[in-house]
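Work through the exercises below with the sequence and the 3D structure open beside you. Try each task on your own before you read its solution.

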Amino acid sequence: MIRRSMLVALVVIVAAACTSTPDIHYYTLDLRASGEARTECPVTMERFRVSDPLARSQILVQAAPTRIEYYATDEWAGNLGAMVAKKLGAELGADRHAAPALQVGGTVLECGQVDAGGATEARMALQIIARTMDGQVVLKRVYRHTERADGASAAAVVEALSRAAETIAANLAEDLDAVCLVE
């Protein structure tokens, strides 16, 4: 009886050792500046908050108007809000040496794949709040952009999300220049 229990335990251990976990692929937005967003307003970036569906590390897929899913083995390499802030900062030139005139932050409302009529799209929506250095809100707006992905993969979607962020940054740069208080 003991031999039989030991044999069963050994079979279970060997079977468990033979199963493998799938490889996880990690992604980040393209954090290089595209050169498309030009602003004369020196800014400092705050870390963005993320909406509840985006709080997970997996990349979101809007599979239907009322259903979301997540890629099983494709994840963000870090905090999505921090990546968005870093991407916008690179686009807007937040690393310039001038004293910042505005603090820019907000919330990532949407950031993921959207399956729309057989096409794969990447959608980003950001609620942006810009404040003077003493805390006065000078801009509060939601920026949205949808970009067609070059394929139905997480890699293609993340590349399209990077392009969407660049378009949003270009629009934001124009708005920041309009409200900037630098003399």
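## Exercise 1: strands S4, S5 and S1

In the pairing of strands S4 and S5, valine 61 has glutamate 69 of S5 as its bridge partner. This is a predicted model, in which local features need pLDDT of at least 70 and side-chain atom pairs count only at pLDDT 80 or more, while totals for chains, interfaces and linings use all residues. Residues are numbered from 1 along each chain as its sequence is written, and side-chain values use heavy atoms, with hydrogens and water left out.

**Task.** Work out how many bridges join S4 to S5, and in which sense, parallel or antiparallel, the two strands run.

**Solution.** Begin with the terms: strands (E, at least two residues) and helices (H or I, at least four) are DSSP runs numbered from the N terminus, and two strands pair if DSSP finds at least two bridges between them. Next, locate S4 at residues 58-64 and follow its five bridges to S5, with which S4 runs antiparallel. The connection between S4 and S5 is a hairpin through two residues. Finally, turn to strand S1 (residues 25-27), which runs parallel to S5 (residues 67-76) and is joined to S5 by three bridges. Here tyrosine 26 stands opposite glutamate 75 of S5.

## Exercise 2: side chains around glutamine 58

**Task.** Find which residues are in contact with glutamine 58, leaving aside its neighbours within four places in sequence.

**Solution.** Glutamine 58 belongs to strand S4. Taking contact to mean heavy atoms within 4.5 Å, the residues to list for glutamine 58, once neighbours within four places in sequence are left aside, are Tyr70, Tyr71, Asp74, Glu75 and Trp76. The side chain of glutamine 58 also makes a polar contact of 3.3 Å with the side chain of arginine 56; a polar contact is a pair of N or O atoms within 3.5 Å, where within protein one must be able to donate a hydrogen and the other to accept it, and residues adjacent in sequence count only if both atoms are side-chain atoms. Arginine 56 in turn lies over the face of tyrosine 70, at 3.9 Å from the ring centre, and such a charge counts as over a ring if NZ of Lys or CZ of Arg is within 6 Å of the ring centre and within 35 degrees of the ring normal.

## Exercise 3: the disulfide

**Task.** Identify which cysteines the disulfide joins, and say which parts of the chain the pair ties together.

**Solution.** A disulfide is a covalent bond between the sulfur atoms of two cysteines, and the criterion used here is a pair of cysteine sulfur atoms within 2.5 Å. The structure holds one disulfide, and this bond joins cysteine 41 to cysteine 180 with an S to S distance of 2.3 Å. Cysteine 41 lies in the loop between S1 and strand S2 (43-45), whereas cysteine 180 lies in the segment after helix H3 (154-179), so the pair ties together parts that are 139 residues apart in sequence. The angle about the S-S bond is 75 degrees, and the link of cysteine 41 and cysteine 180 is right-handed. Both cysteine 41 and cysteine 180 are buried, where buried means under 20% relative accessible area, exposed over 50%, and partly exposed in between (1.4 Å probe, protein chains only).

## Exercise 4: strand S7 and its partners

**Task.** Determine how many of the residues of strand S7 are buried, and what follows for the strand.

**Solution.** Of the 14 residues of S7 (residues 119-132), eleven are buried, so the strand is largely enclosed by the rest of the structure. On one pairing, strand S6 (residues 102-116) meets S7 in the antiparallel sense over 14 bridges, and cysteine 111 has methionine 124 of S7 as its bridge partner. Cysteine 111 is itself buried, with a relative accessible area of 2%. The hairpin of S6 and S7 has two residues between the strands, and glycine 117 takes a positive phi near 55 degrees there. On another pairing, S7 runs antiparallel to strand S8 (residues 137-148), with eleven bridges, and alanine 125 has arginine 144 of S8 as its bridge partner. The hairpin of S7 and S8 has four residues between the strands, and glycine 135 in the turn has a positive phi of about 100 degrees.
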